[in-house]
Structure formats: structure tokens, C-alpha cells
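Colleague: I should like a close look at a single part of this model, namely its aromatic ring pairs. Please describe how the rings are arranged and where they sit.

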Amino acid sequence: MSFSDSDASSVGGDYRNFRQISRERLLHEMLRSAKTGDSKSTWKVLIMDKLTIKVMSYSCKMADITEEGVSLVEDIYKRRQPLPSMDAIYFIQPTKENVIMFLSDMSGRTPLYKKAFVFFSSPISRELVNLVKRDALVLPRIGALREMNLEYFAIDSQGFVTDDERALEELFGDEENSRRGDACLNVMATRIATVFASLRELPFVRYRAAKFLDPTTATTFRDLIPTKLAAAVWNCLLKYKETSPNFPTTETCELLILDRSVDQIAPIIHEWTYDAMCHDLLNMEGNKYVHEVPSKTGGPPEKKEVLLEDHDPVWLELRHAHIADASERLHEKMTNFISKNKAAQIQHGSRGGGELSTRDLQKMVQALPQYSEQIEKLSLHVEIAGKINRIIGELGLRELGQLEQDLVFGDAGTKEVINYLRTKLDASRENKLRLLMIYAAIYPEKFEGDKASKLMKLAGLLSDDMNAVNNMRLLEGSSDAKKSTIGAFSLKFEVPKKKHAARKERKGEEETWQLSRFYPMIEEFIEKLSKGELPKNDYPCMNDPSASFGGPSQAASVRGSQGQAPHSVRARRSTWARPRGSDDGYSSDSILRHASSDFKKMGPRIFVFIVGGATRSELRVCHKLTEKLKREVVLGSTSLDDPPQFITKKKELSSKIAVFDAIQM
């Protein structure tokens, strides 16, 4: 019986990304290890609880699990058939309820399974270990008892969530409950720490510090969220350092802990990449998209569910591309296929030749006898991109998107917002709400007194909608609401009086695409962290830097020698159509070109954790900066939110719905 922790390593050998390591640990270290030792059975049962089922499903497919000798997957809390001739693998949280259920399965004269291999998702208490040891009947039936220390959802090759969907409400709600908040942060910290246990990484733990303006200013629980979480994470890491023989003793990477208050605009603004548009504009359930396909029997079209995930090469190539870029590339792919296929050319000729639309090309390809799975994927994305572009046109999103970005960069203000609300009477309520939330993040003073109710009436919003706007104050933080500095990255920035902006122009970056000007604030945080330029007073470190780790300074000097001459911002020329030969570093064929990069040259990993939900734009930035900085950037958060989910959570932050008087403009 083993009480050891993980001995998987992320150092040495071929470089593996975050999700690959998570997957390999589950399949090889856990499932495959049960094939050795006293285990003689060929097939096994895998038993999990609700959380670990999700942990497994985000990293592995059923085919992967079956390949490792698992013939049946069971829920520990559901009634199960006795299989006394088979061994069982338990992957469960170390809770008292789970341990009691496990002991019940394996005790008595006729246990449910022949032998049990038990793996806990996070550290188990000594009390529960002793509970297992005291059961003399169960003890000989245990093949392994180990801590996997893997209690997070690997939602992306460079992203994870801790499954705290209610974190925003519990930590930032208008009724502060420090006991409930501390409990939420402790669970969060335990799960974050298992990320580093899995990867065998010991981070410098940096966090956004609370600002103390003067002795009379009270510091709220909300102000201390990053500080409290950083302390809790560091305590968990110290335990790993003390008890796990394979855990690093010196720092190997960097972790920056932030909360949603650093950027309230990113979760609301329209993000124009293919991935973000799919989840923002289409009625998708998670990554599941439902579409119609021609019936094989000649009947009416059939509905088919597809998952937009990494196993789809077209999705993987285009997900971070601008929607116009994705549409253009899909058309090119279809055209290339037609040009290389004689049957398609004949069919094209029979239609009279001439220019074909992407939809025409799609129908032609579908009619070909050699219609393959690859072309089926391509056809699917042509359909999705076409649907998104129709919605963009119907909702007038280009004009709204331009106004949103002009607001953020200080090129538009109150006059333009009022004009939009007065003239765009057909704009959807949700889009007008999102515009007002961006406006409130930049001009909070415009919502004081009866101004909010006037704006609400002009926009035709409900009290419930304005509650979302009103609750933005709960994420401002006492310091940021009263003091605004560039160094603090607050919602309001000190800028020239003529330009009231929430973002500075990015020097050295051209706007290749119209409406690609916006960037989330974590892009600036990560770059400053990587260069060693993040202010230590505002972003202190829990652990003192060790002399053996030269990450930020050394990496910065290397990058400094490779820097490119900056482009003039005034010379920026944006267009909805892609200039030939352009490469933004994370668009479709750019990803493929860089896929074969020498990952062994990667520097120390950077982890950024955002309390209160992350966005797809922030995940995109992590992929972009991984290539730019030559350091794998991993984004963690309590949840990954699309605008509709984030707005719903914002509405639920206050216990009472704000009621505004109807005042004539």
C-alpha cells in the first residue's frame, strides 16, 4: 500500500504542455499503474464522484480510458452491481462521505470488487487515512492508496478552472460574508495548488495587493481577496514542499493572482475572434454545437451534435483568428479543394463556371462521392462562420463594436453613446446593456444620482438590467474607486483631459483587422511580469526570490536583444479583409507554422489566476504571449465566462434589485 504523491514531472525529456501533462498523469500514472503489482484482472471498473468525473472528462476521452483497461465507469453515489471478480479504481475527492462509501463497498465478506486502487484528487487528512487503516477487512483488499493531487478542469491546452461558478457572487456580493468567503478561497487554493503538484512546479506567488490610502479608509474583504488567496495557496505549496519528495525545493515558475476588478471591460465587450463569436452569438451548450446535415436515406435533414474542441484541426487552426480572417480562410480552403479535385471541377463546369460563393462550394463538396471526414469538418465551419456573419449583419454589430472600442481607447464619449441609444432603436436590449456597462466602467460619475435612471429610460432597459450596471461598483475596490493610477491598472486611468480612456494604445502592434484593437489588461500584466517590471509594492511576492531562479531578468535580457522596431500607432491601417502575408502570431496558419517550434527552448512557465471568472480574450492572449515570450502562459480562473453568463452573475451580486424612478430626459 502506497501513501505517496505524484512522481510525474514536467521537467526533462520532451516539453509537454499543461493539458498533456494532466492527461498523461490520469491515464498513465493512475489508470495504467493499476495494471501492475497484485492486479491480475484485465478489465477494471473506474469509480468517481461528480467533481472527478468532470476532471477526467476535460482531460481524457472515453476511448483513452478504455484503452487503459477500463470497461465500466461508475458514479460512487449511484447503486452499483457487485463485480467481485474485477478490480476497481477509485478516483475521488478526500471527503469523509467518499471514504465511508469506499469502505462500505470493500468491507464485509462479499465486497463489491476484488481489489481497490484508490487515488485522491487532493491531499487527504490524517484522520481519514486512520479511518481506512482501522478497517482490518478492507486493508488487504487495497492495491494502492495515493494522492493524485489533480483537482482542476483542464479546459484548454493552456487553461484550467477550479469549478467555482458562484465565486463572483460569494466573494463580491453586496452582503459580505467573510466566513463563507474564506471557505470559498480555501477550496480554491487547494485546487490551484494541485496544478503545481501535478506539474511539479514551485512558483513565485505574486498577487495584487490591497491599497491603503490613509488610516481612516477601511479595507474590505473584497480588497483582500488576492492577498488571502495567495496566502492560502502558499500554505498548500509549503505542505507539498515538506511532505512530497519529488516536489521542487526552489522556484521554477511564476504565479500572479488577480481578481475580476482589474478589468471589468473584457468580460462584456464584443471579442471578434472565431471562438468568442461562436460562444457569444450562437446558442451553444458549452462546446456543443447542433446543426443540420443531409439525411443519408433521402429524408428531411437530421440534427447532429458536434464538439468544437482541440481534436478538430479546423477549429484548432481558426479559433483565435478574427472572424473575417476565419471566413476568408475557409473560403480559400474550399476553393483549393475544388481546384485539386477533378470531379468537383466537372460539377463546377456544369454550373456554368464563374465565381462561386463559399456556400456554393460547400454544397458541391458535400455532393462528391469522396466526401471525407476532413471535408465534413470544413463544411461545418463554413456553415458556422456564415451563420455568425449573418448575425453580425442583422444585429449591426460592426457599428456597435467600433463604438465599444472607441470608448475604451478614448476616441468616443458621452455624446456618441447618447447618439447611439437615440438612433439605434432596433438594437437589442442585451447589446445596449453591454454598451452601458462599458460606459460605466470608464465614466462611473455619469451614473451618479438620477443620471442612471435617465440612461436606463433612454436605452429602454429594465430595472434588472440596470442592476448589472449598478453592481459594477462592487468590483471597483475601495482604493480604485478613490484613487486612479496607471500603476494600479484601475478602471479609471489618469490620461490627458481631452482623452478619457480605459486602455493605452499598444506600441509596436498594428491593427491588422478592424475591431481587433482591444486587448484585455492581463496582456500588459503578463508582459510586465515576464520582464520583471511589475511593481513590487502593488504586486508583492509571498516567497522571497531565490538566487537559483533567474527567470524574469534573464528572459527579459534575451527578449530585449530580439525586439523589433515599433510601428507608429498613427500609421495603423485596419481593414475587414486580411492584407496578404500578414501574421498576427496567433491567427490560423500562423499557429500551424509555429506548431513545430522547438519547445525545449521554452522559459519558465507563467501562471495567471483570476478570481471571479476569465474570458476567451484572456485565454487567447495567453496563447499569443506563449509564442511571443517563449514561455508557456497558463490561465486559471474560477470559471470561464462568456458575456451572457457574466452579465447574469453581475445581476446576482446584489440582494435587492435597484429601482429607478422614471425621469423624462
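Modeller: The account below follows the aromatic cluster and then turns briefly to other features. The model is predicted, so local features need pLDDT of at least 70 and side-chain atom pairs count only at pLDDT 80 or more, while totals for chains, interfaces and linings use all residues. Residues are numbered from 1 along each chain as its sequence is written, and side-chain values use heavy atoms, with hydrogens and water left out.

A search of the whole structure finds 14 aromatic pairs. Rings of Phe, Tyr and Trp (for Trp, its six-membered ring) form a pair if their centres lie within 6.5 Å; planes under 30 degrees apart count as stacked, over 60 as edge-to-face and the rest as tilted. In one pair, the ring centres of Phe-18 and Phe-160 are 5.7 Å apart and the planes stand at 40°, so this pair is tilted. The pair links distant parts of the chain, 142 residues apart: Phe-18 belongs to helix H1 (residues 18-31) and Phe-160 to strand E7 (residues 159-161). Helices (H or I, at least four residues) and strands (E, at least two) are DSSP runs, numbered from the N terminus.

Phe-18 and Phe-160 are both buried, a term that means under 20% relative accessible area, with exposed being over 50% and partly exposed in between (1.4 Å probe, protein chains only). For Phe-160 the relative accessible area is 3%. Phe-160 also pairs with Phe-609: the centres are 6.0 Å apart and the planes at 35°, so this pair is tilted. Because Phe-160 lies in strand E7 and Phe-609 in strand E12 (residues 603-611), the pair ties together parts that are 449 residues apart in sequence. Phe-609 has 1% relative accessibility and therefore counts as buried. Ring pairs join Phe-18, Tyr-152, Phe-160 and Phe-609 into a cluster.

Two cysteines may be added to this picture. Cys-253 is buried, at a relative accessible area of 0%, and Cys-622 is buried with a relative accessible area of 0%. The count of disulfides comes to 0, where a disulfide is a pair of cysteine sulfur atoms within 2.5 Å.

Finally, helix H11 (residues 323-339) has 17 residues, which at 1.5 Å a residue should span 24 Å; the end C-alpha atoms are 24 Å apart, which agrees. The expected span is 1.5 Å times one less than the number of residues. Among the buried residues of H11 are Ile-323, Leu-330, Met-334 and Ile-338.
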